[in-house]
Amino acid sequence: MWLVAVSVAAMTAFTIAWVAGFGDQNVPDNTYRTPPAAFQQQVDEFTQKYLGDDGKVHVPPGEDAYLMAQRYGFTPELVLEAGNEYTIWMSSRDVLHGFSLIGDNLNLNLEIVPGHALALTLKAEKAGTYLVICNEYCGLQHHLMRGHIIVEE
Ligand code: CUA
């Protein structure tokens, strides 16, 4: 029994220390509830405003970006400027999706929940094309669900 008690105490202490000391790397900065259709409208308005001839959305520094996860992709494709901090609002049109992005100084892993928008603040220092993958099983084509965030100098 004492072994169980010691183990539980150690795990509890570790969990508390982890959350207190290291728990801020993946927490969204802000969230709100939104029906998927309403968020889609925000995404569409944002897309129309900044859509370039290349079919990608060029986000001016200081502007919030909007990204929709939907079986099986992320829209629109965002182009950001290196060295600037951006707030990206995300939500899902249909089911639970993942948003995983690794590269440069970024290591992000979030869940995108329908009915909720979350804000992610990110700043890429290096230009490049960053792969976004869905890491939450969302249907038969889940393994093909990916997107890109492009960072330009
Ligand atoms: Cu979306 Cu898996």
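**Entry 1. Asp 54 and its patch**

I began with Asp 54 in this predicted model. I recorded Asp 54 as partly exposed, because its relative accessibility is 42%. I located Asp 54 in the loop between α2 (36-50) and β2 (57-58). I then asked which residues form a negative surface patch. I found that Asp 53, Asp 54, Glu 81 and Glu 152 make up this patch.

**Entry 2. Overall architecture**

I next looked up the chain as a whole. I noted 2 helices and 11 strands. Reading along the sequence, I wrote down the order as α-β-α-β-β-β-β-β-β-β-β-β-β. For the dimensions, I recorded that the C-alpha trace spans about 70 × 35 × 30 Å along its principal axes. The chain has 153 residues, and I noted that 35% of them count as buried.

**Entry 3. The nonpolar patch with Leu 3**

I turned to helix α1, which covers residues 2-22 and contains Leu 3. Is Leu 3 buried or exposed? I entered Leu 3 as exposed, because its relative accessibility is 54%, and the cut-off for that class is over 50%. I found that Leu 3 belongs to a nonpolar patch on the surface, together with Trp 2 and Val 6. The accessible area of these three residues together is about 380 Å².

**Entry 4. Ser 92, Asp 94, Val 95 and His 97**

I examined the end of strand β6, which runs over residues 85-92 and includes Ser 92. I recorded Ser 92 as buried, with a relative accessible area of 0%. Which backbone atoms lie by a polar atom of the Ser 92 side chain? I found the backbone nitrogen of Asp 94 at 3.2 Å from a polar atom of that side chain. I also found the backbone oxygen of Val 95 at 2.5 Å from a polar atom of the Ser 92 side chain.

I followed Asp 94 further and noted that its side chain is joined to the side chain of His 97 by a polar contact of 2.7 Å. I placed His 97 in strand β7, residues 97-103. I entered His 97 as buried, because its relative accessibility is 0%. Asp 94 thus appears in my notes twice, through its backbone nitrogen with Ser 92 and through its side chain with His 97.

**Entry 5. Cis peptide bonds**

I checked peptide bond geometry, since most peptide bonds are trans. I noted a cis bond from Arg 71 to Tyr 72, with omega near -5°. I located Tyr 72 in the loop between β3 (65-70) and β4 (73-75). I also noted that the bond from Thr 75 to Pro 76 is cis, with omega near -5°. I placed Pro 76 in the loop between β4 and β5 (78-81).

**Entry 6. Salt bridge of Glu 77 and Lys 56**

How many salt bridges does the count give? I recorded 2 salt bridges. One of them joins the side chains of Glu 77 and Lys 56, at 3.9 Å from N to O. I noted that this pair ties together parts 21 residues apart in sequence, because Glu 77 lies in the loop between β4 and β5 and Lys 56 in the loop between α2 and β2. I entered Glu 77 as partly exposed, with a relative accessible area of 28%. I also entered Lys 56 as partly exposed, at 23% relative accessibility.

**Entry 7. Lys 123 and its partners**

I looked up Lys 123 last and found it in strand β9, residues 116-123. I recorded a salt bridge between Glu 125 and Lys 123, with the closest N and O atoms 3.9 Å apart. What is the relative accessibility of Glu 125? I wrote down 44% for Glu 125, so this residue counts as partly exposed. I classed Lys 123 as partly exposed as well, with a relative accessible area of 33%.

I then checked Lys 123 against Asn 84. I noted that the two residues are 39 residues apart in sequence and 5.7 Å apart in space, C-alpha to C-alpha.

How values were computed: Residues numbered from 1 in each chain as written. Predicted model: local features only at pLDDT ≥ 70, side-chain atom pairs only at ≥ 80, totals over all residues. Heavy atoms only, no water. Patch = residues over 30% accessible without salt bridge, like charges linked within 9 Å, V, L, I, M, F, W, Y side chains within 5 Å. Areas by Shrake-Rupley, 256 points an atom, 1.4 Å probe, with all protein chains shown as cover. Salt bridge = Lys/Arg side-chain N within 4 Å of Asp/Glu carboxyl O. Lys, Arg positive; Asp, Glu negative; His and termini not counted. Charge placed at Lys NZ, Arg CZ, Asp CG, Glu CD. Helix = DSSP H or I, 4+ residues; strand = E, 2+ residues; numbered from the N terminus. Buried < 20%, exposed > 50% of the residue type's maximum accessible area, 1.4 Å probe, protein only. Polar contact = N/O pair within 3.5 Å; in protein donor to acceptor, adjacent residues only side chain to side chain.
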